[in-house]
Amino acid sequence: MDWRSIGENIRKKRLAKSWKQATLAEKVDLSNSYIGMIERGEKMPKLETFVHITNALDTTSDEILEGVLNRGYEIRMSEYIKKIGILPKEEQDRIYDVLDVMLKYSHKKK
């Protein structure tokens with residue numbers, strides 16, 4: 001299992017909240033250095049600690065485990081759908097047109 005991927009996802013979620021490692025460490029009652037080791041993929045937290053981190057970051061385990069789950073692409077697609085959904089209709093249509101073309105040509109290669 002790729003511990004670095006999990007750590008990077010935790011780091012991304014922490015930074016999205018503009019938190020320092022110390023802030024997350026305080027919220028989950030861990031040391032700054034341990035949070036750093038998790039984020040660098042040097043340590044993997046116990047399940048209970050993982051749940052505390054996930055809850056503190058107000059995220060889901062699927063989002064943190066993206067990249068190591070066999071079906072992680074579904075998480076990525078749901079994120080794309082959210083991002084596309086907030087765009088103006090004209091931009092949404094443009095993105096869908098590009099996807100249609102890409103899918104059309106990728107299908108021909110198979």
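This tour goes through a predicted model, one selection at a time, starting with a buried acidic residue and ending on a surface patch.

Begin by selecting Glu 39, which sits in helix α3, the element spanning residues 32-39. Although its side chain is acidic, Glu 39 counts as buried, because its relative accessibility is 6% and the cut-off for that class is under 20%. Display the side chain of Gln 21 as well, and a polar contact between the two side chains appears at 2.9 Å. To see what else surrounds Glu 39, leave out its neighbours within four places in sequence; the residues in contact with Glu 39 are then Arg 4, Gly 7, Glu 8, Ile 10, Arg 11, Arg 14 and Gln 21.

Next, turn to the charged pairs. Side chains of opposite charge can pair when their charged atoms come close. The count for this model comes to 6 salt bridges, and three stops follow.

For the first stop, select Lys 13 and Glu 63, whose side chains meet in a salt bridge with an N to O distance of 3.6 Å. This pair joins distant parts of the chain, since Lys 13 belongs to helix α1 (residues 3-16) and Glu 63 to helix α5 (residues 61-65), 50 residues apart. If you colour by accessibility, Lys 13 comes out as partly exposed, with a relative accessible area of 25%, whereas Glu 63 is buried, with a value of 16%.

Move on to helix α6 (residues 72-85), where Glu 79 and Lys 82 are 3 residues apart and therefore separated by about one helical turn. Their closest N and O atoms lie 3.3 Å apart, forming a salt bridge. Glu 79 is partly exposed, with a relative accessible area of 23%.

Then select Lys 89 and Asp 93, both in helix α7, which are 4 residues apart, or about one turn of the helix. Their side chains meet in a salt bridge at 3.0 Å, N to O. Here Lys 89 is exposed, with a relative accessible area of 57%, while Asp 93, at 32% relative accessibility, counts as partly exposed.

Stay on helix α7, which covers residues 89-109, and select Met 102 within that helix. Met 102 is exposed, because its relative accessible area is 53% and the exposed class is over 50%. Finally, extend the selection to Ile 95, Tyr 96, Val 98, Leu 99 and Leu 103, which together with Met 102 make a nonpolar surface patch of about 540 Å². A surface representation coloured by residue type is a convenient way to view this last stop.

Notes. Residues are numbered from 1 along each chain as its sequence is written. This is a predicted model: local features need pLDDT of at least 70, side-chain atom pairs count only at pLDDT 80 or more; totals for chains, interfaces and linings use all residues. Side-chain values use heavy atoms; hydrogens and water are left out. Patches are made of residues with over 30% relative accessible area and no salt bridge: like charges are joined within 9 Å, nonpolar side chains (Val, Leu, Ile, Met, Phe, Trp, Tyr) within 5 Å. Accessible areas come from the Shrake-Rupley method with a 1.4 Å probe; for residues, only the protein chains shown count as cover. A salt bridge is a side-chain nitrogen of Lys or Arg within 4 Å of a carboxyl oxygen of Asp or Glu. Helices (H or I, at least four residues) and strands (E, at least two) are DSSP runs, numbered from the N terminus. Buried means under 20% relative accessible area, exposed over 50%, partly exposed in between (1.4 Å probe, protein chains only). A polar contact is a pair of N or O atoms within 3.5 Å; within protein, one must be able to donate a hydrogen and the other to accept it, and residues adjacent in sequence count only if both atoms are side-chain atoms. Contact means heavy atoms within 4.5 Å.
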